[in-house]
Amino acid sequence: MPEKPVALITAGASGIGRAIADCLLKNDYRVHLSDVNPDTIGECLEVLTTATASQADASKVGDVDRVFEDLESHYGRLDVLVNNVGVAGPTAPVEEIDPEEWDRTISIDLSSAFYAVRRAVPLLKKQGGSIINIASNAAMSGLPLRSPYTASKWALIGLAKTWAMELGCNGIRVNAICPGSVNGPRIDGVIDKDAQQRGLSADAVRDVYLRQSSMRVFVDAVDVAEAVRFLCSPAGRYISGQSIGVDGHTEGLSNWLD
């Protein structure tokens with residue numbers, strides 16, 4: 001029998017990452033996840049009992065190298081890499097953003113993907129596979145007050161297209177998924193920050209976010225997970241270099257500063 005495919009999911013112990021891990025495990029993948037928080041990893045593995053994990057800061061090259069050492073020790077192969085690490089970054093006008101906050105956001109949201117891919121490619125080249133960058137609908141339109149976050153997510157789409165061109169001849173597909181607002185504590189925190197910045201209630205800001213989607217919805221983490229599963233499956237074998245929205249169709253992230 002052929003070996004079950006192996007997926008590595010960064011920031012895989014909570015939120016979207018955990019939903020992806022759960023989805024792939026249910027679809028006969030073996031899953032290794034990394035996360036910066038050891039307590040979150042422990043809680044995750046109590047539920048996803050067949051997964052394996054590494055504690056790591058994905059913005060640090062040495063930590064990423066250790067994740068791949070653990071992965072190779074456990075499985076000796078890799079078929080799917082999901083670059084899911086990300087932070088919201090500061091909510092502020094560009095002239096008020098602290099350069100240290102800019103550097104931190106770019107390091108976590110963008111450099112982490114580069115560090116992972118450079119280690120993943122030699123493994124993926126052995127049999128082909130799939131790389132998926134979790135970007136954002138902000139990468140399709142821009143997003144006021146969120147310069148470093150938006151820059152990193154646009155870059156993840158650019159890298160997906162570039163890596164698809166570089167690696168397609170090796171049977172490696174590379175795509176970006178662009179979620180809209182995802183139900184959960186992270187978007188609640190973003191809304192609270194935005195509300196404070198604008199001097200509005202959180203409910204008022206949430207309503208604006210909802211109205212930016214044609215379907216007037218926030219998506220669920222499982223919706224993103226199912227898109228990942230599809231792209232990794234035989235049904236997605238010729239899909240590469242694409243950015244795919246999972247957002248109820250974002251009409252635009254309004255520049256409503258006035």
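**Close-up 1. Helices α1 and α8 lie oblique to each other in this predicted model.** Let's start with how these two helices meet. Helix α1 covers residues 15-26, helix α8 covers residues 221-232, and they pack at an angle of about 50 degrees. Angles under 35 degrees would count as roughly parallel and 65 to 115 as roughly perpendicular, so this pair ends up with the label oblique. Their axes are 8 Å apart, and the crossing is right-handed. On the α1 side, the contact is made by G15, I16, A19, I20, C23 and L24. On the α8 side, look for A221, V222, V224, A225, E226, V228 and R229.

**Close-up 2. Helix α8 keeps its buried residues on one side.** Here's α8 again, this time by itself. It has twelve residues and reaches 17 Å from its first C-alpha to its last. That is close to the 16 Å expected at 1.5 Å a residue. Which residues of α8 are buried? They are A221, V224, A225, A227, V228, L231 and C232. Go around the axis and these residues cover an arc of only 160 degrees, which puts them on the same side of α8. What covers the buried residues of α8? The cover includes α1, the helix from the previous view, along with the strands β4 (80-83), β5 (129-134), β6 (172-179) and β7 (243-246).

**Close-up 3. Helices α4 and α5 run roughly parallel.** Now for another helix pair. Helix α4 (residues 99-124) and helix α5 (residues 147-167) pack at an angle of about 15 degrees. Because angles under 35 degrees count as roughly parallel, α4 gets that description next to α5. The axes of α4 and α5 are 8 Å apart, and α4 passes α5 in a right-handed crossing. From α4, the residues that meet α5 are W102, T105, I106, D109, L110, A113, F114, V117 and V121. Their partners in α5 are S147, P148, Y149, A151, S152, K153, A155, L156, L159, W163 and L167.

**Close-up 4. L123 is a buried residue of helix α4.** Let's zoom in on a single side chain. L123 has a relative accessible area of 6%, and because buried means under 20%, it counts as buried. Which residues does L123 touch, leaving out those up to four places away in sequence? They are F68, L71, E72 and L78. D79 is worth finding too: L123 and D79 are 44 residues apart in sequence, while their C-alpha atoms are 7.9 Å apart in space.

**Close-up 5. T162 sits in helix α5 and is partly exposed.** The relative accessibility of T162 is 36%. Partly exposed covers the range between under 20% (buried) and over 50% (exposed), which is why T162 gets that label. Next, find G241, which is 79 residues from T162 along the chain. How far apart are the C-alpha atoms of T162 and G241? They are separated by 7.6 Å.

**Close-up 6. Helix α6 has a buried face.** Helix α6 has 14 residues, from 185 to 198, and at 1.5 Å a residue it should span 20 Å. Its end C-alpha atoms are 20 Å apart, which agrees. Its buried residues are I187, V190, I191, D194, A195 and R198. Seen down the axis of α6, they fall within an arc of 135 degrees, so they line one face of the helix. Over on the other side, P185 and Q196 are exposed. What covers the buried residues of α6 includes α7 (202-211). R198 has a relative accessible area of 19%, and because the cut-off for buried is under 20%, R198 makes the list. Between R198 and W154 there are 25 Å, C-alpha to C-alpha, with the two 44 residues apart in sequence. After α6 comes G199, with a positive phi near 70 degrees.

**Close-up 7. A11 and R216 have positive phi values although neither is a glycine.** Last stop: two loop residues. A11 is in the loop between β1 (6-10) and α1, and its phi is about 50 degrees. With a relative accessible area of 21%, A11 is partly exposed. R216 is found in the loop between α7 and α8, and its phi is about 55 degrees. R216 has 45% relative accessibility and counts as partly exposed too.

Terms used: Residues numbered from 1 in each chain as written. Predicted model: local features only at pLDDT ≥ 70, side-chain atom pairs only at ≥ 80, totals over all residues. Heavy atoms only, no water. Helix = DSSP H or I, 4+ residues; strand = E, 2+ residues; numbered from the N terminus. Expected span 1.5 Å × (residues − 1). Buried < 20%, exposed > 50% of the residue type's maximum accessible area, 1.4 Å probe, protein only. Arc of directions from axis to C-beta. Contact = heavy atoms within 4.5 Å. Axes fitted to C-alpha atoms, helices over the stretch in contact; angles between N-to-C directions. Parallel < 35°, antiparallel > 145°, perpendicular 65-115°, else oblique. Left-handed = near helix turned anticlockwise from the far one by under 90°.
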